[in-house]
Amino acid sequence: MLCDIMYSDEYKQVMDKLRTFLEQKTYNEEALALTESALELLAAHYTTWQYRFTIVKEIKRDLFEELDWCELIALENEKNYQIWHYRQLIIEEILKDEELAKKFNFHREYPILSAMLQEDSKNHHVWSYRKWFVERFSLHEALEENAFVESMLETDLRNNSAWTHRFYLKFGHDDWKKNVESEIAYAKSKIEICPRTLRGDIEELRSFCEPLADTSAKEIRSSFALEALADIDKAAGNKEAAAEAYRLLAEVYDPIRKNYWTYVQKTL
């Protein structure tokens, strides 16, 4: 037996009217207002967003006013993908028009993006939009963009979204090779602050990892550094050293994952 979904009377009425307007291809101010009511009830309703976009184009609504309205909806609905996809569509529509494109200043996006990420620094919908924003306006080297992601990492070094965005800023364009050495140095400087974020398996990291995983000391600074050394030895074919590192991880430095380290050791 299937259970009926208990929609409210208001929701049923709004959606019934919306379906009628859709079938009749109604594009006017009344239809626009109806989509707003529908989205207030269910902001993730993709069909409503698509219908609204068609209406906006048909009635030639002011696209900058539409962006302002979209910001209000975004602030009320943090965990929503459709809003950000819709915002992309509106901006692309603006850029298609030569006169409107002249009026558009990409800096207008910074306040809403900052507000959203201050509320939730790991909101992946907003970070995904920000990646599109950087790519669309070639902002990989923009001072504002790099300063922002730097501030996010200063606040929380464990923010994976911020690290991913930084990687995209530095290596998501044709001239990425110039950033390799400086980014290795940057990563090392942050690992010194928070050594438990380390992960890597390249030989070049050995001299950096060894002081962080000195097993002759009373305690090691980072079990991740020891894991990295084990992976480096494994890749180099030094199975005995790798096995010893995995044994120490299992028995001393990371016993909560003993079964995993024992398994990895057996695969050598």
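This is a stop-by-stop tour of a predicted model, with something to select at each stop.

Before you start clicking, residues are numbered from 1 along each chain as its sequence is written, and side-chain values use heavy atoms, with hydrogens and water left out. Because the model is predicted, local features need pLDDT of at least 70 and side-chain atom pairs count only at pLDDT 80 or more, while totals for chains, interfaces and linings use all residues.

**Stop 1: helix α9**

Select residues 143-155, which make up α9. Helices here are DSSP runs (H or I, at least four residues), numbered from the N terminus. From first C-alpha to last, the 13 residues of α9 reach 18 Å, close to the 18 Å expected at 1.5 Å a residue; that expected span is 1.5 Å times one less than the number of residues.

Now colour Glu 145, Asn 146, Phe 148, Val 149, Met 152 and Leu 153, the buried residues of α9. Buried means under 20% relative accessible area and exposed over 50%, with partly exposed in between (1.4 Å probe, protein chains only). Look down the axis of α9: its buried residues fall within an arc of 160 degrees, so they line one face of the helix. The arc is taken from the directions from the helix axis to the C-beta atoms. Flip the view, and the face turned away from the buried side carries the exposed residues Leu 143, Glu 154 and Thr 155.

What covers the buried side? Show α7 (109-119), α8 (124-136), α10 (160-171) and α11 (180-193), which are among the elements covering the buried residues of α9.

**Stop 2: Leu 157, in the loop**

Step on to Leu 157, in the loop between α9 and α10. Leu 157 is buried, with a relative accessible area of 15%. Leaving aside neighbours within four places in sequence, Leu 157 is in contact with Trp 163, Lys 190, Ile 193 and Cys 194, contact meaning heavy atoms within 4.5 Å. Try a distance label from Leu 157 to Lys 190: the two are 33 residues apart along the chain, with 7.6 Å between their C-alpha atoms.

**Stop 3: Arg 166, then α11**

Next, pick Arg 166 in helix α10. Is this arginine buried or exposed? Arg 166 is buried, at a relative accessible area of 7%. Show its contacts beyond four places in sequence and you get Val 149, Glu 150, Leu 153, Glu 183 and Tyr 186.

Glu 183 and Tyr 186 turn up again among the buried residues of α11, along with Lys 190 and Ile 191. Viewed down the axis of α11, these buried residues fall within an arc of 135 degrees, so they line one face of the helix. They pack against α9, α10 and α12. As for length, α11 has 14 residues and reaches 20 Å from its first C-alpha to its last, close to the 20 Å expected at 1.5 Å a residue.

**Stop 4: Arg 206 in α12**

Jump to Arg 206, in helix α12 (residues 206-209). Apart from residues up to four places away in sequence, Arg 206 touches Leu 229, Ile 232 and Asp 233. For a sense of where you are, draw a line back to Glu 145: the C-alpha atoms are 32 Å apart, with the two positions 61 residues apart along the chain.

**Stop 5: α13 meets α14**

Select Ala 230, in helix α13. At 0% relative accessibility, Ala 230 counts as buried. Its contacts beyond four places in sequence are Ala 242, Ala 245 and Tyr 246. Ala 243 is 13 residues away from Ala 230 in sequence and 7.4 Å away in space, C-alpha to C-alpha.

Now highlight α14 (residues 239-253), whose 15 residues reach 19 Å from first C-alpha to last, close to the 21 Å expected at 1.5 Å a residue. Its buried residues are Ala 242, Ala 243, Ala 245, Tyr 246, Leu 248, Leu 249 and Ala 250. Their cover includes α13 (223-236) and α15 (258-266).

**Stop 6: the cavity**

Finish with Tyr 46, Trp 49, Gln 50, Gln 82, His 85, Tyr 86 and Leu 89, which line the largest cavity. A cavity is a set of points on a 1 Å grid over the protein atoms alone where a 1.4 Å probe fits but cannot get out, and lining residues have an atom within 4 Å of a point. The structure holds one cavity of 30 Å³ or more, and the largest cavity contains about 30 Å³ of space, the volume being that filled by probe spheres set on the points, which are joined across faces, edges and corners.

Which helix gives the most to the lining? That's α5, with four residues. Both α3 (46-58) and α5 (82-96) supply at least two.

Key. 1 Å grid on protein atoms, 1.4 Å probe; cavity = no way out; pocket = protein on both sides within 12 Å on 5 of 7 lines; lining within 4 Å.
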